[in-house]
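This report covers helix packing and nonpolar cores. The sequence and model come next.

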Amino acid sequence: MPSPDLPHVAEAHFRRPDLLQLAPTQRATHAPRILLLYGSVRERSYSRLLTEEAARLLQAMDAETRIYDPRGLPLPDDAPEDHPKVRELRELAQWAEGMVWTSPERHGAMTGIMKAQIDWIPLAVGSVRPTQGKTLAVMEVSGGSQSFNAVNQLRVLGRWMRMITIPNQSSVAKAFMEFEENGRMKPSPYYERVVDVMEELVKFTLLTRDCASYLVDRYSERRESAQALSKRVNLRSI
């Protein structure tokens, strides 16, 4: 098949998608590594309880999980990047192959605590993107009727961080009624949805982790140097 006339395309950096690159012959055998973030520091935080329930499910599905505690994390730009809580968060983001973000809905939006964690994760470190191509599941809890404002915002952030956000999601309404005194989630359709979401996250992680770098490889960035890429996404310039 003859090549079409593409005068504005740099031929040296143009690639035709390759099916074989999406089915690598060697696949990782270790447990999927999932980082879980939640957006409240209350003593009885329902976003934390939901996160812990999700972690139990992920472990039952043979995933390795780590839950980040946001207590003590400074506001973005209010501390150096080598602050212990910032360094911990960034190291976990690099370790992870997938993530779960769970936020309360407050004033119709995700919490500042949730957003601060995501803002501390850099879009790029040099030419390396810590979140690029990794999977993401989003969940929220609310004190009133069911809403989707927080999960919708988390999806926008996931796209911005160039993550593969799975189609399913969880929104737990009147969360104070959905957990036992011991912190365990009660059986309900809400709980079953959480099971669905974690199952889907593990499947997508297993499916994509070995070809994640290929999935997010971009023509425009192949034309850029590492230095130019770092400068373009560096938030210190704004």
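## Helix 1 against helix 5

Helix 1 (residues 46-60) packs on helix 5 (residues 189-208) at about 55 degrees, the axes lying 10 Å apart. The two are therefore oblique (not under 35, over 145 or from 65 to 115 degrees). Their crossing is right-handed. Helix 1 brings Leu-50, Glu-53, Ala-54, Leu-57 and Leu-58 to the contact (heavy atoms within 4.5 Å). Helix 5 brings Tyr-191, Val-194, Val-195, Met-198, Leu-201 and Val-202. By class, 10 of these residues are nonpolar, none polar and 1 charged.

Axes are lines fitted to C-alpha atoms, for helices over the stretch in contact, and angles between N-to-C directions run from 0 to 180 degrees. Helices (H or I, at least four residues) and strands (E, at least two) are DSSP runs.

## Basis of the model

The model is predicted: local features need pLDDT of at least 70 and side-chain atom pairs pLDDT 80 or more, while totals for chains, interfaces and linings use all residues. Residues are numbered from 1 along each chain, and side-chain values use heavy atoms, without hydrogens and water.

## Nonpolar cores

The largest nonpolar core (buried nonpolar residues, under 20% relative accessible area with a 1.4 Å probe, joined through side-chain atoms within 4.5 Å) has 25 residues. Leu-37, Met-99 and Trp-101 have the most contacts inside it. Elements giving it two or more residues include strand 1 (33-38), strand 3 (98-104) and helix 4 (149-160). Helix 2 supplies the largest share, 5 residues.

Beyond four places in sequence, Leu-37 touches Tyr-68, Leu-89 and Met-114, among others. A second, separate core has 23 residues, including Leu-49, Leu-58, Val-172 and Val-194.

Technical notes:
A crossing is left-handed if the near helix is turned anticlockwise from the far one by less than a right angle, and right-handed if clockwise. Ala, Val, Leu, Ile, Met, Phe, Trp, Tyr, Cys and Pro count as nonpolar, Asp, Glu, Lys and Arg as charged, and the others, Gly among them, as polar. Buried means under 20% relative accessible area, exposed over 50%, partly exposed in between (1.4 Å probe, protein chains only).
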